[in-house]
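Please find below some remarks on the model, set out as numbered points for a colleague who would like to check each one against the coordinates.

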Amino acid sequence: MHKGTISINTSEKVELIDITTQINQAIAKAECTTGICFLYNPHTTSAVMINEGADPAVQDDIIAALERIVPTQIAYKHLEGNSPAHVMTSIIGNSETVFIEKGAVELGTWQRIFFCEFDGPRSRKLQWRFLKT
Amino acid sequence: MHKGTISINTSEKVELIDITTQINQAIAKAECTTGICFLYNPHTTSAVMINEGADPAVQDDIIAALERIVPTQIAYKHLEGNSPAHVMTSIIGNSETVFIEKGAVELGTWQRIFFCEFDGPRSRKLQWRFLKT
Amino acid sequence: MHKGTISINTSEKVELIDITTQINQAIAKAECTTGICFLYNPHTTSAVMINEGADPAVQDDIIAALERIVPTQIAYKHLEGNSPAHVMTSIIGNSETVFIEKGAVELGTWQRIFFCEFDGPRSRKLQWRFLKT
């Protein structure tokens, strides 16, 4: 099994960053033609997500919706002040499992893989493992 | 590794469709007795989810709750008008990983696997891979 | 492939229980040094989640936020009265896939794995499989 880490520097408080190209570069380097790609976010205020990449407005809309969904007016106990970011991480999730075909992730026509920053800007890492099959 | 696709024709705007039988048929055809079943939704306005299948009211309640959770009154930028569907996809997720035992998915007593249509009706596909172990 | 089940007795209606130590004990017993750990919740009103374990206030805040996010005032159809718990399960999800390194789950600095009870107290189970690689 091949393993490694992708580094991501975020520049906004809340931001979706398309990491599909970085993942495909790692797959090419690992010479993995067919298999399963496991992605894992080791942080507690960021996440990984797959959604539309063609129109950047979709990313803006997802961020706007999440900021409405997660309540800000309740009395959070965690003193660091970033509890909404922890909640967003729980909603979106820490991992994605995608298939590898022809040496690249096998996504749908409009899909891209996004690293989701909810408490940036920060230096982040995303762990990956490729299982050849 | 065995791989394939399930076709699903949805008939409503928002709808949960029980696909457990279709998946078990694919497992039987692949002659996979024990292993891991990876399910992947290649669309950006649908999802895959596991929840109760015994009482169809639960499915209605989940849909009703999602329609309340995802805001409709905010000014979405994406001009196609289906941003709430993209948000629901991000909340529910594109994949499920379940175990295979005795030639079928090993679900809990009340669990069924649902394809979630959030922007139908459409012709959809769900990709699967079975890892024999 | 190694497989097994962890038993969890919950004591509250809604509760997050850190199960990281139990999972690492199962990994040690299976003598799995490197691989992938698949966790699966076979219930429809509980879930599995990864988030911060250092400050217990984060767990309280995630519960408080989920109780705000999931509507209680709508007319749910499911007569058992626990539809909000089913919705929380769909939002958080039934499974987690984490990497195994040096005989333990490879989590981020602040991460812990939580079993999420949404309709307790109950006796619960969590299924696991370890794929050695």
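**Notes on the model**

1. In this predicted model, helix H3 of chain C is followed by Gly93(C), a residue whose phi is positive, near 100°. The helix that precedes this glycine, H3(C), has nine of its 10 residues buried, so it is largely enclosed by the rest of the structure. The buried residues of H3(C) are Ser83(C), Ala85(C), His86(C), Val87(C), Met88(C), Thr89(C), Ser90(C), Ile91(C) and Ile92(C).

2. Turning to the contact between chain C and chain A, 34 residues of chain C meet 29 residues of chain A. The area buried between chain C and chain A comes to about 2,500 Å², with carbon and sulfur atoms giving 58% of it. As general background, the size of an interface is often given as the accessible area lost when the parts come together.

3. Which polar and charged links are found between chain C and chain A? The count is four salt bridges, and 16 residue pairs are in polar contact between chain C and chain A, with both residues at pLDDT 80 or more. One salt bridge joins Glu106(C) to Arg129(A), where the closest N and O atoms are 3.3 Å apart. On the side of chain C that touches chain A, the elements that give two or more residues are strand E3 (35-40), strand E4 (46-52), helix H2 (56-69), helix H3 (83-92) and strand E5 (95-101) of chain C. Of these, H2(C) gives the most, with nine residues, and by class this side of chain C has 18 nonpolar, eight polar and eight charged residues. The helix H3(C) discussed in point 1 is thus listed among the elements on the side of chain C that touches chain A.

4. The interface of chain A and chain B can be described in similar terms. Here 34 residues of chain A are in contact with 29 residues of chain B, and the area buried between chain A and chain B is about 2,500 Å², of which 58% comes from carbon and sulfur atoms. Four salt bridges are found across the interface of chain A and chain B, including one between Arg129(B) and Glu106(A), whose closest N and O atoms are 3.3 Å apart. The polar contacts between chain A and chain B number 16 residue pairs, both residues being at pLDDT 80 or more. On the side of chain A that touches chain B, the largest share, nine residues, comes from H2(A), and the residues of this side divide into 18 nonpolar, eight polar and eight charged.

5. Within chain B, a reader may wish to look at Leu16(B), which lies in strand E2 (residues 15-18). Is Leu16(B) buried or exposed? At 12% relative accessibility Leu16(B) counts as buried, because the cut-off for that class is under 20%. Leaving aside neighbours within four places in sequence, Leu16(B) is in contact with Met49(B), Gln59(B), Ile62(B), Ile63(B), Phe114(B), Phe115(B) and Cys116(B). One of these partners, Ile62(B), stands 46 residues from Leu16(B) along the chain, and the C-alpha atoms of Leu16(B) and Ile62(B) are separated by 9.2 Å.

6. A last point concerns the aromatic rings. A search of the whole structure finds nine aromatic pairs over all chains. Ring pairs also link Phe38(A), Phe38(B) and Phe38(C) into a cluster. In general, a pair of aromatic rings is described by the distance of the centres and the angle of the planes.

Terms used: Residues numbered from 1 in each chain as written. Chains lettered and ligands numbered in written order. Predicted model: local features only at pLDDT ≥ 70, side-chain atom pairs only at ≥ 80, totals over all residues. Heavy atoms only, no water. Contact = heavy atoms within 4.5 Å. Buried area = accessible area lost by both parts, 1.4 Å probe. Salt bridge = Lys/Arg side-chain N within 4 Å of Asp/Glu carboxyl O. Polar contact = N/O pair within 3.5 Å; in protein donor to acceptor, adjacent residues only side chain to side chain. Helix = DSSP H or I, 4+ residues; strand = E, 2+ residues; numbered from the N terminus. Nonpolar A, V, L, I, M, F, W, Y, C, P; charged D, E, K, R; others polar. Buried < 20%, exposed > 50% of the residue type's maximum accessible area, 1.4 Å probe, protein only. Phe/Tyr/Trp six-rings, centres within 6.5 Å; stacked < 30°, edge-to-face > 60°.
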